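Student: Could you take me through one part of this structure slowly? I would like to see how its strands sit together, and then what else is packed in the model.

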Amino acid sequence: MKETLMKGVAILAVGLTIASCSHDAWNQQTDRAWQAAEEYSSNFKNIVMGGQNVDGRQTWTTAVTTQITLTSAKAGTLKIYATDPAQGTSVAALYTSAIGKGETQTFSVARPQDATTLYAVILDDNNYMTDIMAFDASEEQVQTAFYSNAAAARQQSRRRTLPPSFQFPGDADASKFLSDVPAGVNKLTQNNASLNGWIDNTWTGEINGWGAWDGSKKTGGTLYIKGNCDFGNRKFYMADNSEIYLLEGATLTLSANDAGNLQGGTNIYIAANAKLVAAGELKLNNGLYIYNHGTIEAPKVSVNNASVLYNTNMVKVNGELSTENSNSVIVNDGTMTATRLHTAGSSHVQNNATMTISGNTDIDSNNNTWVNNGQYTTGNFYYTAGSNDVINNCRLTVNNLFKINLGDTDRKGFRMDSNSGVVTKDFEAAGPSFIYMGAQSVFEVTGTATMNITKDVYGIYGPSTGGQAVFHAKKIVNGADDANQCFVANYFDNLIVAYDESHFPQGYSDGTSDAAKANGGIGSLPYYRIGDGAVVEQTQYVNYSVAPGTCNPGFSGGGGSKPEPKQYVYFAFEDLGTSDDFDFNDVVVRVSMPDASNQSTVELCAIGGTLEQKVFCGDTQIGEEVHEYGNFGDNTQRVVGMPISTLGTVNVPAGTSVNDLDIKIQVTRRDGQVVTISAPQAGEIPFRVTVMGDEQGKWFWAKERTNISDAYNLFGEWGANMDSNADWYQHPVSGRVITW
């Protein structure tokens, strides 16, 4: 009980260093808990983990549940695998179901945590594989669809409203993909200068067709390949302007030298269930066209000098897939995988189905064409040279980083069609950067979006008409180290920028230039612009949604009402105290910031003393004796709402603040003496502490008989030097304050 006036204390710091009994007991309990925790941790680390530290990301489960929504183009049995079943080995399915043509199913599978790419397969009644597709499964919910053939993919492409300026070629005529040798074509019996005929696995010689001269150019022959023809250790050469047909079920294996020496002007047609295997880099040079309806396997593939690779089924590249110069073209209407895609020299790539790049996608030449009309997955996406034809018309998934940093090339950038989607773990906009988004398109950053552009015209643009686009990130931060022309991020047109955690939490630095101030700058860094029609808001308060689809990950704002917390000043009193107790909770009141009429509300927050106490503002009593609102006397045990009660209102005179109000208490001692406790004079030991609320308007006072310096370790240093540790009240010691 607090009855005795403390005497003989020279400075505040001395009084606050005395710990109470309740504090000692709590501290001993905490020490025992820590000791037990340390023993457990040591035993687990040494015995269970062999002395290793636990990974900070560990969830102690190897299985991840993924929900998949899948649309099939064919009827049959659907199976989902974690390993490519086309490798020829028997693998176990994660999911099996009958599915109809055009049917969409939504189901969940348990997949290995490291299997971020899954494989969907359609089997017919004979258990033959009729369709296969690799797709990204790194998110909790995945949507994907089969593309059954080139015609369907091209139709999907035509529905897109953002066509590139380059006209991509179509697939070869269906008559070029053969199941058998045409009538009248003879089996080869020996090497000829101009090869015309067919071979199968019984052919033991080389292929060495030098072609003939027609007076203007060399003309090659026509070769049909059946069965398994392995030229890995023997020569395979066809002259310029040849035609090579891999018939259904055939396999052609080429040595590294010959795979890199295919001649220009040649057309290679790979039929269904046929395979071209290259032991080394597969080079397409000087107008060489490969049309693949089967499978291509190679450690590296490069497309050069007006050559074309057109795939409708499966291309597997263990290394880099590249287009090297102008009019070099890759079109994918099936499934294509590689460790890297590099578009260079104004070359052209179009994905209409499923393309998976485990490493980097590098777009680093002006006037490149990269168009995605299907499902494109990559480890990183680096776009570092401006073009009008880098276009995402459907779904781009980036497992790690999407980075854009373009040359200053007349507003060329990354374009997204209406209802398209990008999903990336992290995002970085550096230097010159333009992103143009169509209506109801969504750019989703599941991790951190780092902004560091260099001019006020750079940034993210929503549509000018037709609806809104959404740029959504877990958090958006400033990546600039210096003033950098004072521009870090800009948002334009009908764009919703939604963030889950924070938007530029670093705050602002000083020294804004006069030019930036004239242009609306409010700090050197970060400086971001919200253009007409654009908004920035925390996701839980955004009232907008985009339906998910095959191309779009979807977006759903929380739609909640954004709270508007009030700010308060807290007045915390000791009611004459004892010589070992400075908890400043005998009476705690808070006063709100004044309203438009300069009125503030006075609320009772804590009653830790047992003596009679009344609250005053100047000479006016506010409310009743505090124990009329609850006879507590012990802030450690009681559980009440916050505040306990509203005592009344006070007027804040013009030219003053709440902090200036003469808030005080009158205490009646047991001998009947009345003592008033008010603001201390400069240099005096305080019996009243005044504290500003935090950004939520809150302050947590000390528990009963916990000295304020134990509840707030920086309080004593602030008391000794008011220029230091002024934010002491924002750093409470866990367990030693009343939280609410």
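**A close look at the sheets and cores**

Tutor: Let's begin with strand 48 (residues 587-592) and strand 49 (residues 599-607), which run antiparallel and are joined by five bridges. Strands here are DSSP runs (E, at least two residues), numbered from the N terminus, and two strands pair if DSSP finds at least two bridges between them. Within this pair, Val-591 stands opposite Val-602 in strand 49.

Before going on, a word on the source: this is a predicted model, where local features need pLDDT of at least 70, side-chain atom pairs count only at pLDDT 80 or more, and totals for chains, interfaces and linings use all residues. Residues are numbered from 1 along each chain as its sequence is written, and side-chain values use heavy atoms, with hydrogens and water left out.

Strands 48 and 49 belong to an open sheet of five strands, ordered 52-49-48-47-55, with antiparallel pairing. At its edges are strand 52 (645-651) and strand 55 (688-692), each pairing on one side only. On average, neighbouring strands of this sheet are turned by 25 degrees against each other, direction ignored; axes are lines fitted to C-alpha atoms, and angles run from 0 to 180 degrees between N-to-C directions.

Another open sheet has four strands in the order 51-50-53-54, again with antiparallel pairing. Its edge strands are strand 51 (620-622) and strand 54 (674-677), and its twist averages 35 degrees from one strand to the next. Strand 50 (residues 612-617) is joined to strand 51 by three bridges, and Cys-617 stands opposite Thr-620 in strand 51.

Now for the packing. A nonpolar core is a set of buried Ala, Val, Leu, Ile, Met, Phe, Trp, Tyr and Cys residues joined through side-chain atoms within 4.5 Å. Buried means under 20% relative accessible area, exposed over 50%, and partly exposed in between (1.4 Å probe, protein chains only). The largest core has 82 residues, and Leu-282, Phe-414, Phe-427, Met-451 and Phe-471 touch the most other members. Strand 38 (residues 442-453) gives the most to this core, with five residues. Apart from it lies another core of 24 residues, including Phe-573 and Ile-607.

Phe-443 lies in strand 38, and it counts as buried because its relative accessibility is 0%. Leaving out residues up to four places away in sequence, Phe-443 touches several others, among them Phe-402, Met-416, Phe-427 and Phe-471; contact means heavy atoms within 4.5 Å. The C-alpha atoms of Phe-443 and Ala-473 are separated by 8.3 Å, with the two residues 30 apart along the chain.
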